[in-house]
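Here is a walk through a protein model for someone meeting it for the first time. Have a look at the structure, then read on.

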Amino acid sequence: MPVLPGAEPYRHQGGDAGVLLCHGFTGSPQSLRPWARYLAAREVTVALPLLPGHGTRWEDMQPTGWQDWYAEVDRELRALRERCSRVFVAGLSMGGALALRLAARHGDAVDGVIVVNPANKVHGLSAYALPVARHLVRTTRGIASDIAKPGAAELGYDRVPLHAAHSLRRFFRLVDGELPRVTQPLLLLRSPQDHVVPPADSARILGRVSSTDVTEILLEQSYHVATLDHDAERIFEESASFIGRLAPGAVREPEPGLGKEGATTGG
């Protein structure tokens, strides 16, 4: 199936500092594209891949699992390391879990981690029914577009394939066990009003990582997809400041007249 308009991957070749952005479960690069363009306009090299099974139709996601999604971001990180001397990983929701696992497994090859409303667990009684339910029911209702800002929408599936959800549950358990191996500086931004991922997930992550340089920021005006919500600009600014602090000189303000996003060569 062709990729939905707006769900295409995005890449920009900038300076010597690079950022890998990971989108969420059933979502697409569309939810992170404004963030990617903000960083690209400031001469940061950006990679925003489309995860397997995403960005087309939910039926294409049904046969995929966490191994496919993680393998994609792992390849992107290795490619980014070949181009950049300083590399950061970032993500929204499940993308945050992907970023944390990259940090845990790649160690010093990752210079910092930025996560927005990171997910750590599939909650509710339905989670325990997944191993059986996935063989009886193909999908459940979608989780896309939890956004407070009027007129803003996330390009994601309106159904969640249960085989993929079962794999996601297994992935969260795996990442949870690896969190103590995360030692890099961590910037965690979360929305108190999140209807997809509860505050307990961020608290669990903050309590288990071994990072000593940790910053937590509350996004009071936004729901789950905060990168498209009222606090989006704050996410962009705080992440640029975080990268600039750890990689001095890597973030450069765009030339006057380019606007907030600037000019990029990304797609």
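The buried residues of helix H1 are Arg33, Trp35, Ala36, Tyr38, Leu39 and Ala40. That makes H1 a mostly covered helix, with 6 of its 8 residues buried. What do these buried residues pack against? Their partners are the strands E1 (10-12), E2, E3 (45-48), E4 (86-92) and E5 (112-116), along with helix H8 (232-246).

Keep in mind that this is a predicted model. Stepping back to the whole chain, you can count 8 helices and 9 strands. Of its 267 residues, 54% count as buried. Take the contacts between residues at least 6 apart in sequence: 79% of them join residues at least 24 apart. The accessible surface comes to about 11,100 Å², and 50% of that belongs to carbon and sulfur atoms.

Now for the spots that come with a label. In an unreviewed entry, UniProt lists Ser93, Asp194 and His224 under "active site". These three span 132 residues in sequence, yet no two of their C-alpha atoms are more than 10.7 Å apart, so they gather at one spot. One of them, Asp194, also belongs to the lining of the largest cavity.

Where does Asp194 sit along the chain? Look in the loop between strand E8 (186-190) and helix H7 (199-208). Asp194 counts as buried because its relative accessibility is 12%, and the cut-off for buried is under 20%. Leaving aside neighbours within four places in sequence, Asp194 is in contact with Asn117, Asp146 and His224.

His224 is in another loop, the one between strand E9 (214-218) and H8. This histidine is buried too, at a relative accessible area of 5%. With neighbours within four places set aside, the contacts of His224 include Ser93 and Asp194, which UniProt lists with it under "active site". Also touching His224 are Leu92, Asn117, Asp146, Gln193, Val196 and Val197.

About that cavity: a search of the whole structure finds 1 cavity of 30 Å³ or more, and its volume is about 40 Å³. Which residues line it? They are Asn117, Arg190, Ser191, Asp194, Val197, Pro198, Pro199 and Ser202. By type, the lining divides into 3 nonpolar, 3 polar and 2 charged residues.

There's a second UniProt label, again from an unreviewed entry: "binding site", with Phe25 and Met94 listed. The two are spread over 70 residues of sequence but cluster in space, with a largest C-alpha distance of 5.6 Å. Phe25 is in the loop between strand E2 (17-22) and helix H1 (33-40), while Met94 is in helix H4 (residues 94-106). Phe25 is buried, at 9% relative accessible area, and so is Met94, at 1%.

What do they touch, once neighbours within four places in sequence are left out? Phe25 is in contact with Met94 itself, plus His54, Met61, Trp69, Ile143, Val160, Ala164, Ala165 and Leu168. Met94 is in contact with Phe25 in turn, and also with His23, Gly24, Leu51, His54, Trp69, Ala119, Leu168 and Phe172.

Next come a couple of backbone oddities. Most residues other than glycine have a negative phi. Thr26 goes the other way, with a positive phi near 70 degrees. Thr26 is in the loop between E2 and H1, and Phe25 is found in that loop as well. Ser145 has a positive phi too, of about 65 degrees, although it is not a glycine. You'll find Ser145 in the loop between strand E6 (139-141) and strand E7 (159-161).

How covered are these residues? The table puts the two of them beside Asp108, a residue in the loop between H4 and E5.

| Residue | Relative accessibility | Class |
|---|---|---|
| Thr26 | 1% | buried |
| Ser145 | 32% | partly exposed |
| Asp108 | 76% | exposed |

Asp108 counts as exposed because its 76% relative accessibility is over the 50% cut-off. To place Asp108 in space, take Val87: the two are 21 residues apart along the chain, and their C-alpha atoms are separated by 9.6 Å.

Note on methods: Residues numbered from 1 in each chain as written. Predicted model: local features only at pLDDT ≥ 70, side-chain atom pairs only at ≥ 80, totals over all residues. Heavy atoms only, no water. UniProt positions renumbered as here; feature names shortened; annotations may be inferred. Helix = DSSP H or I, 4+ residues; strand = E, 2+ residues; numbered from the N terminus. Buried < 20%, exposed > 50% of the residue type's maximum accessible area, 1.4 Å probe, protein only. Contact = heavy atoms within 4.5 Å. Areas by Shrake-Rupley, 256 points an atom, 1.4 Å probe, with all protein chains shown as cover. 1 Å grid on protein atoms, 1.4 Å probe; cavity = no way out; pocket = protein on both sides within 12 Å on 5 of 7 lines; lining within 4 Å. Points joined across faces, edges and corners; volume = space filled by probe spheres on them. Nonpolar A, V, L, I, M, F, W, Y, C, P; charged D, E, K, R; others polar.
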